Amino acid sequence: VAFEYLTTGPAGDTRTASALAMLPAAPTAAAATVAYLHGTSTRRDDIPSAGNYGENVPVAALFAARGRLVVLPDYLGLGRSNLPYHPYLHRDSLAAAARDALTAAVELARRQSLALDGQLFVVGYSEGGFAAGALQRRLGQAPLATLALKGTMSIAGPLDLPEAVRLTLSTEPATGRDSGRSIYSAFTVWAYQRVYGNVYAP
């Protein structure tokens with residue numbers, strides 16, 4: 001089920017965002033909740049709620065098939081969000097979008113008469129790995145009343161940003177050629193300029 005919800009943008013303003021929720025078809029017990037946070041997307045429509053993002057939907061479907069409620073936020077600036085850009089690797093924006101998607105999904109589950117057991121598990125890959133850490137931090141500061149975090153799995157997330165930038169700008173040891181990953185550094189600088197407005201200041 002694709003849905004829209006309200007969250008907080010980088011400037012502290014209210015923004016719309018979109019997400020996908022996968023509900024178990026025939027639950028035999030109250031469902032645990034899984035937040036599945038996707039990797040880098042440079043296209044607005046290359047996101048879970050459109051069914052267009054690589055491995056995310058099939059992997060999430062495996063969780064749902066095991067009786068879990070799975071929530072896949074598109075992130076701000078992607079999908080049907082009204083923010084005109086994606087604040088890539090902006091910790092607070094990613095955390096807010098994920099936390100508020102969970103709140104909206106819990107309400108969606110209630111309307112669908114899906115009982116939840118109150119357990120939350122967070123999984124993220126690449127940018128989603130960074131987002132998973134951001135969400136865990138936010139939930140430590142402002143826990144959800146309806147879900148208790150039981151575990152977080154951050155896979156290949158750029159948690160050390162300076163080192164991640166260095167690696168993406170480096171050459172491949174075997175060939176001496178550009179690694180082809182420099183787009184991630186460019187995306188980070190571009191997004192941080194949009195968020196903070198002072199990246200290029202002397």
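Let me start with one residue, L149: leaving aside its neighbours within four places in sequence, it is in contact with L120, V122, Q136 and L139. Contact here means heavy atoms within 4.5 Å. Before going on, I should say that this is a predicted model, in which local features need pLDDT of at least 70, side-chain atom pairs count only at pLDDT 80 or more, and totals for chains, interfaces and linings use all residues. Residues are numbered from 1 along each chain as its sequence is written, and side-chain values use heavy atoms, with hydrogens and water left out.

Back to L149. Its place is in strand β6. Helices (H or I, at least four residues) and strands (E, at least two) are DSSP runs, numbered from the N terminus. L149 is partly exposed, with a relative accessible area of 31%. For that scale, buried means under 20% relative accessible area, exposed over 50%, and partly exposed in between, with a 1.4 Å probe and protein chains only. L149 and T7 are 142 residues apart in sequence, and their C-alpha atoms are 20 Å apart in space.

Next, the core. Which residues have the most contacts inside the largest nonpolar core? They are F3, L37, L102 and L135, in a core of 42 residues. A nonpolar core is a set of buried Ala, Val, Leu, Ile, Met, Phe, Trp, Tyr and Cys residues joined through side-chain atoms within 4.5 Å. The elements that give two or more residues to this core are β1 (2–8), β2 (14–22), β3 (31–37), β4 (69–73), α2 (91–111), β5 (116–125), α3 and α5. Its largest share, nine residues, comes from α2. Take L135 as an example: apart from neighbours within four places in sequence, L135 is in contact with A35, L37, A95, A98, R99, L102 and V122. There is also a second, separate core of nine residues, which includes L20, A64, V70 and V123.

Now helix α4, which covers residues 161–169. Which of its residues are buried? L161, A164 and T168 are. Seen down the axis of α4, these buried residues fall within an arc of 60°, so they line one face of the helix. The arc is that of the directions from the helix axis to the C-beta atoms. As background, an α-helix has 3.6 residues a turn, so residues three or four places apart point the same way. The face of α4 turned away from its buried side carries the exposed residues P162 and L169. On the buried side, the residues pack against α3 (127–141) and α5 (182–196).

From α5, I pick S185, which lies in that helix. S185 is buried, with a relative accessible area of 6%. Not counting neighbours within four places in sequence, S185 is in contact with V165, T168 and L169.

That brings me to the pocket. The largest one has a volume of about 280 Å³. On a 1 Å grid over the protein atoms alone, a pocket is an open set of points where a 1.4 Å probe fits, with protein on both sides within 12 Å along at least five of seven lines; lining residues have an atom within 4 Å of a point. Grid points are joined across faces, edges and corners, and the volume is the space filled by probe spheres set on the points. Of the 17 residues that line this pocket, the closest to its centre are A156, P158, A164, T168 and Y184. Two elements, α4 and α5, give two or more residues to the lining. The largest share, five residues, comes from α4. By class, the lining has nine nonpolar, six polar and two charged residues. Ala, Val, Leu, Ile, Met, Phe, Trp, Tyr, Cys and Pro count as nonpolar, Asp, Glu, Lys and Arg as charged, and the others, Gly among them, as polar.

A156 has a further feature: a positive phi of about 55°, although it is not a glycine. A156 lies in the loop between β6 (148–155) and α4, and is exposed, with a relative accessible area of 55%. L89 also has a positive phi of about 55° and is not a glycine. Is L89 buried or exposed? L89 is buried, with a relative accessible area of 2%, and is found in the loop between β4 and α2.

Last, T40, in the loop between β3 and α1 (56–65). At 14% relative accessibility, T40 counts as buried. The C-alpha atoms of T40 and E127 are separated by 5.2 Å, though the two are 87 residues apart along the chain.
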